[in-house]
Amino acid sequence: MTNDRRVLVHQNKQALAGSVAARFLTNMVDVLQEQDEANVVLTGGSVGIAVLAAINESAARDTIDWSRVNFWWGDERWVPRADPERNELQARDALLDHIDVPKENIHAFGASDDPIDVGAGNDALEAAAARYTAELLSHAPEGAHYPRFDVTFLGVGPDGHIASLFPHRSGIREREASVITVHDSPKPPADRLSLTRPVLNSSDRVWLVLAGSDKASALGLALAGASRDEVPAAGIKGRYRTMFFVDSDAAAQVPENLIAPTY
């Protein structure tokens, strides 16, 4: 396999979501034939959630043994657990509550209304980051700090941010921590939790899914070699495969030689 970046362009958001859902289900079949379990990192955003809804609506949904799939998140908004803006809640509504996945396989970030023992000198957000770091470690292979991820889904913001790693912020440069806190996000809410770039890049396959003309500039810059500080999406690359699944509006500034055929 190659880890070169490739772009698959779809006519619209609906076609995009359906195509990614079908590819994901096929991929999960292959992964679970080769190994005992799979680890998948989910993203929020309208397109990311549309993909999960399309997976749920697929006739092939129940061909997957979901008891062998672990779900994680790339980032989370620091809001109450029942807040409709929470990525976990949106993912549950779209897919997770409709499939036979054990609750222990759903590895959600902490929420602002969780009873968290912060300890001396810490705040709740820092404590939640430490707890998620420990959960990643508890599912990691020997000698590693986090699981071997099979597929990591990411959205891309109009500014090129991925997860909660924003341009010109220290988070995109973090190399040691697995999880960081964000206290001053330029996109509300201000407080967030996020996996770091080394964790995201450890995935075998990174699938960036985005739609809309407001994403065209960021996508074009990411693929044209912009720095990760300027456009965080430019710093994301899976171990084996990095795919950008986009609609025609988002693809307006993509170099033609990077667009892969969709047949």
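Let's start with Val 41, whose bridge partner in S5 is Thr 152. We are looking at a predicted model here, so please keep that in mind as we go round. That partnership belongs to a short stretch of pairing: two bridges join strand S2, residues 38-42, to strand S5, residues 151-154, and the two strands run parallel.

Now zoom out a little. What is the order of the strands in this open sheet? Going across, you read S1-S9-S8-S5-S2-S3, six strands with parallel pairing. The edge strands are S1, residues 5-10, and S3, residues 69-73, and each of them pairs on one side only. If you rotate the view, you can look for the twist: neighbouring strands of this sheet are turned by 20 degrees against each other on average, ignoring direction.

Something also lies against this sheet. Helix H6, residues 216-223, packs on it and touches S1, strand S8 (205-210) and strand S9 (241-247). The direction of H6 makes about 155 degrees with that of S9. How many of the eight residues of H6 are buried? The count is six, so this helix is largely enclosed by the rest of the structure. If you want to click on them, they are Ala 216, Ala 218, Leu 219, Gly 220, Ala 222 and Leu 223. These buried residues pack against S1, S8 and S9. And just after H6 there is a detail for the backbone fans: Gly 225 takes a positive phi of about 100 degrees.

Let's go inside. In soluble globular proteins, nonpolar side chains tend to be buried together. In our model, the largest nonpolar core has 82 residues, and Trp 66 and Phe 153 touch the most other members. Helix H1, residues 13-34, gives the most to this core, with nine residues.

Let's stay with Phe 153 for a moment. Which residues does Phe 153 touch, not counting those up to four places away in sequence? They are Val 20, Phe 24, Val 40, Val 41, Leu 42, Thr 43, Val 51, Trp 207 and Val 209. You will recognise Val 41 there, the residue we began with. Phe 153 is buried, with a relative accessible area of 4%.

On to the rings. There are seven aromatic pairs in total. One of them is Trp 72 with Phe 149, an edge-to-face pair with 6.3 Å centre to centre and 75 degrees between the planes. Trp 72 lies in strand S3, while Phe 149 is in the loop between helix H4 (124-138) and S5, so the pair ties together parts that are 77 residues apart in sequence. Are these two buried or exposed? Trp 72 counts as buried at 0% relative accessibility, and Phe 149 is buried with a relative accessible area of 0%.

Then there is Phe 153 with Trp 207. Their ring centres are 5.7 Å apart and their planes stand at 85 degrees, so this pair is edge-to-face. Phe 153 sits in strand S5 and Trp 207 in strand S8, so to speak two distant parts of the chain, 54 residues apart, linked by the pair. Trp 207 is buried, with a relative accessible area of 3%. Ring pairs also link Phe 24, Phe 153, Trp 207 and Phe 245 into a cluster.

A polar residue turns up beside one of those rings. Asn 27 lies in helix H1, and it is buried, with a relative accessible area of 12%. Leaving aside neighbours within four places in sequence, Asn 27 is in contact with Val 151, Arg 205 and Trp 207.Last stop: the other sheet. This one is open too, with three strands in the order S4-S7-S6 and antiparallel pairing. Strand S4 (75-77) and strand S6 (179-182) stand at the edges with a single partner strand each, so one side of each is left without a neighbour in the sheet. The twist averages 15 degrees from one strand to the next. Four bridges join S6 to strand S7, residues 192-195, and Val 179 stands opposite Leu 195 in S7. H4 packs on this sheet, touching S6 and S7, and its direction makes about 160 degrees with that of S6.

Terms used: Residues numbered from 1 in each chain as written. Predicted model: local features only at pLDDT ≥ 70, side-chain atom pairs only at ≥ 80, totals over all residues. Heavy atoms only, no water. Pairing = 2+ DSSP bridges. Axes fitted to C-alpha atoms, helices over the stretch in contact; angles between N-to-C directions. Contact = heavy atoms within 4.5 Å. Core = buried A, V, L, I, M, F, W, Y, C linked by side-chain atoms within 4.5 Å. Buried < 20%, exposed > 50% of the residue type's maximum accessible area, 1.4 Å probe, protein only. Phe/Tyr/Trp six-rings, centres within 6.5 Å; stacked < 30°, edge-to-face > 60°.
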